[in-house]
Amino acid sequence: MSETFFTLTLQPRFNETDGLGHINNTVIPVWFEAGREPVFEIFNPGLDIARWNLIVAGFTIAYVLPTNYGKPVEIKSWISRVGNSSFEITQQCWQNGKKTAEAQTAMVHYDYSIEKSRAIPEEIKLALQKVTGE
């Protein structure tokens, strides 16, 4: 991988716009989830739901500037921390060269059959450590 972060370009839809002409604040977390898909692929190639092994432990989001309808949005995602069984993804929303939102999402490598976290395998940790955002 030549890049140290993942990018996703989206075109805001009219129905995502609120009464003030901004993208509604409930939409950007959904965009961030879509931006996490390449990370999901590292853990679960093919994104097989029957073999899903991640769970969201929590997230925070800061809205920096309004995001508007009519202009493309770029979602940037990278790994900001890797632990034993959990990791953190930092994501930013950019429009017209300006950061409009930033989030941190804590993810856990999880075994749904026993309802417990699992250690992240070394090969996955190595893959995550390449996506540093730097």
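**Cores**

I began with the largest nonpolar core, which has 14 residues, and noted that Val39, Phe43, Ile79, Phe87 and Leu128 are the ones that touch the most other members. I kept in mind throughout that this is a predicted model. Helix 2, strand 3, strand 4 and helix 3 are the elements that give two or more residues to this core, and helix 2 gives the most, with 3 residues.

I then listed the neighbours of Phe87, leaving aside residues up to four places away in sequence, and found that Phe87 touches Val39, Phe43, Leu54, Ile79, Arg81, Val82, Thr105, Ala106, Met107, Ile120 and Leu128. I also recorded a second, separate core of 10 residues, which includes Ile28, Phe32, Ile75 and Ala103.

**Aromatic pairs**

How many aromatic pairs does the structure hold? I found 4, and I looked at two of them in detail. In one of them, Phe40 and Trp52 meet edge-to-face, with 5.3 Å centre to centre and 75° between the planes. Because Phe40 lies in helix 2 (residues 37–43) and Trp52 in the loop between helix 2 and strand 2, this pair ties together parts that are 12 residues apart in sequence. I checked exposure as well: Phe40 counts as buried at 11% relative accessibility, whereas Trp52 is partly exposed, with a relative accessible area of 23%.

The other pair I examined is Phe43 with Phe87, whose ring centres are 5.1 Å apart and whose planes stand at 10°, so I entered this pair as stacked. Phe43 lies in helix 2 and Phe87 in strand 4 (residues 86–95), so the pair ties together parts that are 44 residues apart in sequence. Both partners are buried by my reading, Phe43 with a relative accessible area of 6% and Phe87 at 0% relative accessibility.

I added one further ring to this page: Lys76 lies over the face of Trp94, at 4.7 Å from the ring centre.

**Helix 3**

Which residues of helix 3 (residues 122–129) are buried? I noted Ile124, Lys125 and Leu128. They cover an arc of only 105° around the axis, which puts them on the same side of helix 3. On the other side of this helix I found Glu122 and Glu123, which are exposed. I also looked up what covers the buried residues of helix 3, and the answer includes helix 2, strand 3 and strand 4.

**Glu16**

I located Glu16 in the loop between strand 1 (6–10) and helix 1 (27–35). Is Glu16 buried or exposed? At 8% relative accessibility Glu16 counts as buried, because the cut-off for that class is under 20%. I then looked for its polar partners and found that a polar atom of the Glu16 side chain lies 2.7 Å from the backbone nitrogen of Arg13, while the side chain of Glu16 also makes a polar contact with the side chain of Trp31, at 3.2 Å. Not counting residues up to four places away in sequence, Glu16 touches His22, Ile23, Asn24, Val27 and Trp31.

**Val64**

My last entry concerns Val64, which lies in the loop between strand 2 (54–63) and strand 3 (73–82) and counts as partly exposed at 46% relative accessibility. With residues up to four places away in sequence left out, I found Val64 touching Lys99, Thr100 and Ala101. I also took the C-alpha to C-alpha distance from Val64 to Ile89, which is 18 Å, for two residues that are 25 residues apart in sequence.

Technical notes:
Residues are numbered from 1 along each chain as its sequence is written. This is a predicted model: local features need pLDDT of at least 70, side-chain atom pairs count only at pLDDT 80 or more; totals for chains, interfaces and linings use all residues. Side-chain values use heavy atoms; hydrogens and water are left out. Helices (H or I, at least four residues) and strands (E, at least two) are DSSP runs, numbered from the N terminus. Buried means under 20% relative accessible area, exposed over 50%, partly exposed in between (1.4 Å probe, protein chains only). Contact means heavy atoms within 4.5 Å. Rings of Phe, Tyr and Trp (its six-membered ring) pair if their centres lie within 6.5 Å; planes under 30 degrees apart count as stacked, over 60 as edge-to-face and the rest as tilted. A charge sits over a ring if NZ of Lys or CZ of Arg is within 6 Å of the ring centre and within 35 degrees of the ring normal. The arc is that of the directions from the helix axis to the C-beta atoms. A polar contact is a pair of N or O atoms within 3.5 Å; within protein, one must be able to donate a hydrogen and the other to accept it, and residues adjacent in sequence count only if both atoms are side-chain atoms. A nonpolar core is a set of buried Ala, Val, Leu, Ile, Met, Phe, Trp, Tyr and Cys residues joined through side-chain atoms within 4.5 Å.
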